[in-house]
Amino acid sequence: MLAHNAMANQLDAPNASFAPSGSQTSLTSPLGRNTVTDSSGVSLTVNYLPHKFSSTLLSPGPRKRKGKDGAPGMPKRGGGVEAFKSGEARMPGENDEDYDGVSGFFGAQRGKKKLRWNKFKWLLFASNTLLSIYSIIGLVMCLLTWFNIWVHADIIRVANRIELVISTLAACLAIFISLIGWAGILLNNRAFLAVYTFTLWIVFIFLLIPGYMTYKRHTFNLEGKINAQWSRDLGTSGRLRVQNQLGCCGYYSPFVEATISQTCYARSVLPGCKLPYLQYERKILLTWYTTVFSLVPLHLFIMITGLLCSNHVTYRFGKGMMPKAYRLSLNSMAVIMDNYANQLAEQYGSDVATEIIARSRSNLQLDSMPTMPYTPLQPQQASVNHSKYDSIGSRVPETAI
């Protein structure tokens, strides 16, 4: 009976997790020796982890993920696909499935089993492939126009120069953004994918601008715009290039706003340029804005896919990092073990609690871990330094067995 009472005294409840700073005591806990500890640095994790790790502490050995090699004597940390199962730990280990890091080839560990792509990553892969394809095709078309490879391409360089410049910039920007997307997809880098998703909206704006400009020019009084462009904007060299491309002379005739050349002079029999120039502009503008607007649904699909899937390239939430207030420390682990010892003593008795705690210390290699001091629970005054934890510090952390 005396031994039982002595053991029960050793298994008294620990200090509250967030006592006012500067309160230091030196007492004995069931984990080992006396120590002096400042309880203000205890992690918020002490309120939750005994429930999650109770099976690990009870078992004689650590649980490990199937097919993974971990450090001996350490509990499983969790992460990866299995982190979504009930009761699984959320902290990832370096070799966990879907590890969010860059090592080996495309994020895979050398000598390890290849990682599996989830459905979100496959959707990102497909959408970015479409973006790369149509942006490269668009850039090639623009470059062929700039290099005057197409028939009558020089007319576009003269008459539709602004639209051509914006289309070229849009294609170059789309290719650059697709490269950022490939980096984020292949390296599982959420930062790259965030930039990729945001800049897709900028590409979308650059895609719409030339489409709107060509549609507006084609639909609203194209003939009047052609008349004003020929007389005011093209100039002598611009009219000469259009005349050479279309095989015409002057606007209505060689006597109306014509540029003299070897084929265009006062007695030339060549027709005026208005009709062929108007027909060519009507055709090329229609093709231009039809092509641009046909890409809008595809680009919207790419944008929506990026918004929905960029943060799920792996099954881990965020970067898999524990918030600072909940990170484990030696003091926090001491509180966890002491709380767990109290629960075991209440349910199984002090002898069983002592045996399990001793076995857990050896399994988890916690012989060097400090212990938390014990003092009788006293009503605590509100602390200025820990005011936001007063609701927690005024009571013993509640944990489930």
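**View 1. Leucine 307 and its nonpolar neighbours.** Leucine 307 sits in helix H10, and what you see here, as in every view, comes from a predicted model. Together with Trp201, Leu300, Ile304 and Leu308, Leu307 makes a nonpolar patch on the surface. The patch covers about 500 Å². Which helix gives the most to the patch? That's H10, running from residue 296 to residue 309, with four residues.

**View 2. Helix H5 from end to end.** Here's a helix you can check with a ruler: H5 takes in residues 161-187, which makes 27 residues. From its first C-alpha to its last, H5 reaches 39 Å, close to the 39 Å you'd expect at 1.5 Å a residue. Just past the helix comes asparagine 188, and its phi is positive, near 55°.

**View 3. Leucine 187, with valine 313 across from it.** Leucine 187 belongs to helix H5. Is leucine 187 buried, exposed or partly exposed? Its relative accessibility is 25%, so leucine 187 counts as partly exposed. Now look for valine 313: along the sequence, leucine 187 and valine 313 are 126 residues apart, yet their C-alpha atoms are 9.5 Å apart in space.

**View 4. Helix H6, with an asparagine at the start and another just after the end.** Begin with asparagine 189, which caps the N-terminal end of H6. One of its side-chain oxygens lies 3.0 Å from the backbone nitrogen of alanine 191. H6 itself has 30 residues, numbered 190-219. How far should those residues span at 1.5 Å a residue? The expected span is 44 Å, and the end C-alpha atoms are 43 Å apart, so the two agree. Just after H6 you'll meet asparagine 221, with a positive phi of about 55°.

**View 5. Aspartate 154 and its two arginine partners.** The structure holds four salt bridges, and this view shows two that involve aspartate 154. One goes to arginine 157, with the closest N and O atoms 2.8 Å apart. These two residues share helix H4 (residues 153-159) and are three residues apart, about one turn of the helix. The other salt bridge joins the side chains of aspartate 154 and arginine 241, at 2.4 Å from N to O. Aspartate 154 is in helix H4 and arginine 241 is in helix H8 (residues 235-246), so this pair ties together parts that lie 87 residues apart in sequence. How covered up are the partners of this pair? Aspartate 154 has a relative accessible area of 7%, so it is buried. Arginine 241, at 32% relative accessibility, counts as partly exposed.

**View 6. Glutamate 281 meets arginine 217.** The side chains of glutamate 281 and arginine 217 come together in a salt bridge, 3.5 Å from N to O. The pair links distant parts of the chain, with glutamate 281 in helix H9 (residues 274-294) and arginine 217 in helix H6, 64 residues apart. Is glutamate 281 buried or exposed? With a relative accessible area of 0%, glutamate 281 is buried. Arginine 217 counts as buried too, at 12% relative accessibility. Flip back to View 5 for a moment: there, salt bridges with shared partners join Asp154, Arg157 and Arg241 into one network.

Definitions and conventions:
Residues numbered from 1 in each chain as written. Predicted model: local features only at pLDDT ≥ 70, side-chain atom pairs only at ≥ 80, totals over all residues. Heavy atoms only, no water. Expected span 1.5 Å × (residues − 1). Patch = residues over 30% accessible without salt bridge, like charges linked within 9 Å, V, L, I, M, F, W, Y side chains within 5 Å. Areas by Shrake-Rupley, 256 points an atom, 1.4 Å probe, with all protein chains shown as cover. Polar contact = N/O pair within 3.5 Å; in protein donor to acceptor, adjacent residues only side chain to side chain. Buried < 20%, exposed > 50% of the residue type's maximum accessible area, 1.4 Å probe, protein only.
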